[in-house]
Amino acid sequence: MPQHTLPRPICGHCDGFPTVTITTGTRTPDGQRQTITANCPACHGTGHTAPARARAHTRIGA
């Protein structure tokens, strides 16, 4: 019998878009734009939040 997993809640800070690429305004020596990648600090780049029980367990001893 197949196992069904429940969908995890989407992060409210990034709305499911956890990683973005930002141009710095400069160019590399070969003419391409210089970019940096930024991850959502709330979900650490996963796009989802942990269930309430899992969050409580990760805070213990942290």
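## Exercises on a predicted chain

H44 has its place in the loop between β2 and α1 (52–59), where helices (H or I, at least four residues) and strands (E, at least two) are DSSP runs numbered from the N terminus. We will come back to this residue after a look at the whole chain.

The model is predicted, so local features need pLDDT of at least 70 and side-chain atom pairs count only at pLDDT 80 or more, while totals for chains, interfaces and linings use all residues. Residues are numbered from 1 along each chain as its sequence is written, and side-chain values use heavy atoms, with hydrogens and water left out.

**Exercise 1. Find the order of the elements from the N terminus on, and describe the surface of the chain.**

Step 1. Start with the inventory: the chain has one helix and two strands.
Step 2. Put them in order, and from the N terminus they read β-β-α.
Step 3. Turn to the surface. The accessible area (Shrake-Rupley method, 1.4 Å probe; for residues, only the protein chains shown count as cover) is about 5500 Å² for the chain, and carbon and sulfur atoms hold 57% of this surface.
Step 4. Of the 62 residues, 10% are buried; buried means under 20% relative accessible area, exposed over 50%, and partly exposed in between (1.4 Å probe, protein chains only).
Step 5. Finally, take contacts (heavy atoms within 4.5 Å). Of those joining residues at least 6 apart in sequence, 47% link residues at least 24 apart.

**Exercise 2. In which sense do β1 and β2 pair, and over how many bridges?**

Step 1. Locate the strands: β1 covers residues 19–27 and β2 covers residues 33–39.
Step 2. Apply the rule for pairing, at least two bridges between the strands in DSSP. Here there are six, and the sense is antiparallel.
Step 3. Pick out one bridge: V20 has A38 as its partner in β2.
Step 4. Look at the connection. The two strands make a hairpin with five residues between them, and G31 in the turn has a positive phi of about 100°.
Step 5. Add the side chains. V20, I22 and I36 make up a nonpolar surface patch with about 230 Å² of accessible area together. Patch members have over 30% relative accessible area and no salt bridge, with like charges joined within 9 Å and nonpolar side chains (Val, Leu, Ile, Met, Phe, Trp, Tyr) within 5 Å. A salt bridge is a side-chain nitrogen of Lys or Arg within 4 Å of a carboxyl oxygen of Asp or Glu.
Step 6. Check I36, which belongs to strand β2. With a relative accessible area of 45%, I36 is partly exposed.

**Exercise 3. How many disulfides does a search of the whole structure find?**

Step 1. Recall that a disulfide is a covalent bond between the sulfur atoms of two cysteines; the cut-off used here is a sulfur pair within 2.5 Å.
Step 2. The search returns zero. C11 is in no disulfide, and the nearest cysteine sulfur, in C14, is 3.8 Å away.
Step 3. For C43, the closest cysteine sulfur is in C40 at 3.7 Å, which is too far for a bond.
Step 4. Compare with burial: C11 is buried at 1% relative accessible area, and C43 is buried at 6%.

**Exercise 4. Trace what the segment before β1 touches, starting from I10 and P18.**

Step 1. I10 is exposed, at 53% relative accessible area. Beyond its neighbours within four places in sequence, I10 contacts D15, G16, G47, H48 and T49.
Step 2. I10 and C43 lie 33 residues apart in sequence, with 9.3 Å between their C-alpha atoms.
Step 3. P18 is buried, at 17%. Outside the four-place neighbourhood, its contacts are A38, N39, C40, C43, G45, T46 and G47.
Step 4. From P18 to H44 there are 26 residues in sequence and 7.5 Å from C-alpha to C-alpha.

**Exercise 5. What are the phi values of D15 and H44?**

Step 1. Keep the background in mind: most residues other than glycine have a negative phi.
Step 2. D15, in the segment before β1, has a positive phi of about 55° without being a glycine.
Step 3. H44 also has a positive phi, near 60°, and is a residue other than glycine.
Step 4. Finish with exposure: D15 is exposed at 56% relative accessibility, and H44 is exposed at 64%.
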